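Colleague: I would like to go through this model with you, helices first and then charges. Shall we start?

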Amino acid sequence: MEVTIKQKKYKINRLIILEFIRQKKGLTLRALAENAGYASQQMYVWYRNDDIYIEQLYNIASANNMKIEISLQKRISNFNTFYGDVTIDDVMYRIEDKKINPHPNIAKFTPEVLERLKAGGKLKFLAEFMLRTRENSTQFCRKTRLNATSFKMWMKEDNIKISRIYKIAEAYDAKIIWKLIRDNNEELTYSPD
């Protein structure tokens with residue numbers, strides 16, 4: 001998608017959800033940035049790089065009375081995925097709707113992934129996706145070519161650049177589904193494919 005702002009053209013693919021927020025609110029980039037406490041120059045950098053940290057994106061949405069939800073969905077639904085209930089420390093979590101046989105060692109999964117699943121937050125969708133792929137963080141990082149130490153830090157801090165989310169989706173042939181919920185509960189769902 002090409003966006004023209006102040007006679008400058010930006011080619012964005014990953015920031016389309018941010019552009020949707022801007023358009024739905026009818027704001028300039030400067031007003032969008034200022035509503036969330038960011039400098040307008042920062043907004044131009046994000047558009048130029050077509051990248052932003054998920055926490056910043058959530059802050060912008062929240063400052064504009066919107067909420068964002070993200071999910072990753074494999075294109076081939078029956079390809080080595082787990083759906084169902086997982087019990088961790090006597091708390092049950094539902095992963096999707098459909099029940100099939102869980103991985104036998106699901107409760108001994110990667111600690112940072114289970115912590116994120118329990119804590120919730122912005123990267124809960126990623127923890128759920130990892131459980132569905134039935135891979136530990138070493139396998140996951142190898143397949144996505146992400147640094148394992150950085151991955152642990154992202155899960156702990158509940159923050160990641162959206163370019164990394166797109167990299168994960170590409171490695172797993174998954175699609176990213178963005179959901180933008182306005183203050184009047186109106187939903188806009190967008191998937192880049």
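Colleague: Which residue follows helix 3 and has a positive phi?

Modeller: Keep in mind that this is a predicted model. Helix 3 covers residues 40–49. The residue that follows helix 3 has a positive phi, near 55°, and is Asp50.

Colleague: Which residues of helix 3 are buried, and how are they placed around the axis?

Modeller: The buried residues of helix 3 are Ser40, Met43, Trp46 and Tyr47. Seen down the helix axis, they fall within an arc of 110°. They therefore line one face of helix 3.

Colleague: Which exposed residues sit on the face of helix 3 turned away from its buried side?

Modeller: Take the buried side as the reference, with Trp46 among its residues. The face turned away from that side carries two exposed residues, Gln41 and Arg48.

Colleague: What follows helix 4, and what is its phi?

Modeller: Helix 4 runs over residues 54–63. Its buried residues include Leu57, Tyr58 and Ile60. After helix 4 comes Asn65, with a positive phi, near 55°.

Colleague: Is Met66 buried or exposed?

Modeller: Met66 lies in strand 3, residues 66–74. Its relative accessible area is 6%. The cut-off for buried is under 20%. So Met66 is buried.

Colleague: How far apart in space are Met66 and Ile181?

Modeller: In sequence, Met66 and Ile181 are 115 residues apart. In space, C-alpha to C-alpha, the distance between Met66 and Ile181 is 5.5 Å.

Colleague: Now the charges. How many salt bridges does a search of the whole structure find?

Modeller: Side chains of opposite charge can pair when their charged atoms come close. The cut-off here is a Lys or Arg side-chain nitrogen within 4 Å of an Asp or Glu carboxyl oxygen. Over the whole structure, the number of salt bridges is seven.

Colleague: Which residue of helix 1 meets Glu19 in a salt bridge?

Modeller: The partner lies three residues from Glu19 in helix 1, about one turn of the helix. Both side chains belong to buried residues. The N to O distance is 2.7 Å, and the partner is Arg22.

Colleague: How far apart are the closest N and O atoms of Glu34 and Arg30?

Modeller: Glu34 and Arg30 are four residues apart in helix 2, so about one helical turn separates them. Arg30 is partly exposed, with a relative accessible area of 43%. In the salt bridge between Glu34 and Arg30, the closest N and O atoms are apart by 3.6 Å.

Colleague: Which residue forms a salt bridge with Glu115?

Modeller: Glu115 lies in helix 5, and the partner is three residues away, about one turn of the helix. Glu115 is partly exposed at 47% relative accessibility, and the partner, Lys118, is partly exposed at 31%. The closest N and O atoms are 3.2 Å apart, and the residue paired with Glu115 is Lys118.

Colleague: Which residues do salt bridges with shared partners join into one network?

Modeller: Here the salt bridges share partners, and one network results. Its residues are Arg116, Lys122 and Asp158.

Colleague: Which residue of the positive surface patch has its place in helix 9?

Modeller: The positive surface patch is formed by Arg145, Lys161, Arg164 and Lys167. Patch residues need over 30% relative accessible area. One of the four has 31% relative accessibility and so counts as partly exposed. The residue placed in helix 9, residues 162–171, is Lys167.

Note on methods:
Residues are numbered from 1 along each chain as its sequence is written. This is a predicted model: local features need pLDDT of at least 70, side-chain atom pairs count only at pLDDT 80 or more; totals for chains, interfaces and linings use all residues. Side-chain values use heavy atoms; hydrogens and water are left out. Buried means under 20% relative accessible area, exposed over 50%, partly exposed in between (1.4 Å probe, protein chains only). The arc is that of the directions from the helix axis to the C-beta atoms. Patches are made of residues with over 30% relative accessible area and no salt bridge: like charges are joined within 9 Å, nonpolar side chains (Val, Leu, Ile, Met, Phe, Trp, Tyr) within 5 Å. Accessible areas come from the Shrake-Rupley method with a 1.4 Å probe; for residues, only the protein chains shown count as cover. Lys and Arg count as positive and Asp and Glu as negative; His and the chain ends are not counted. The place of a charge is taken as NZ of Lys, CZ of Arg, CG of Asp or CD of Glu.
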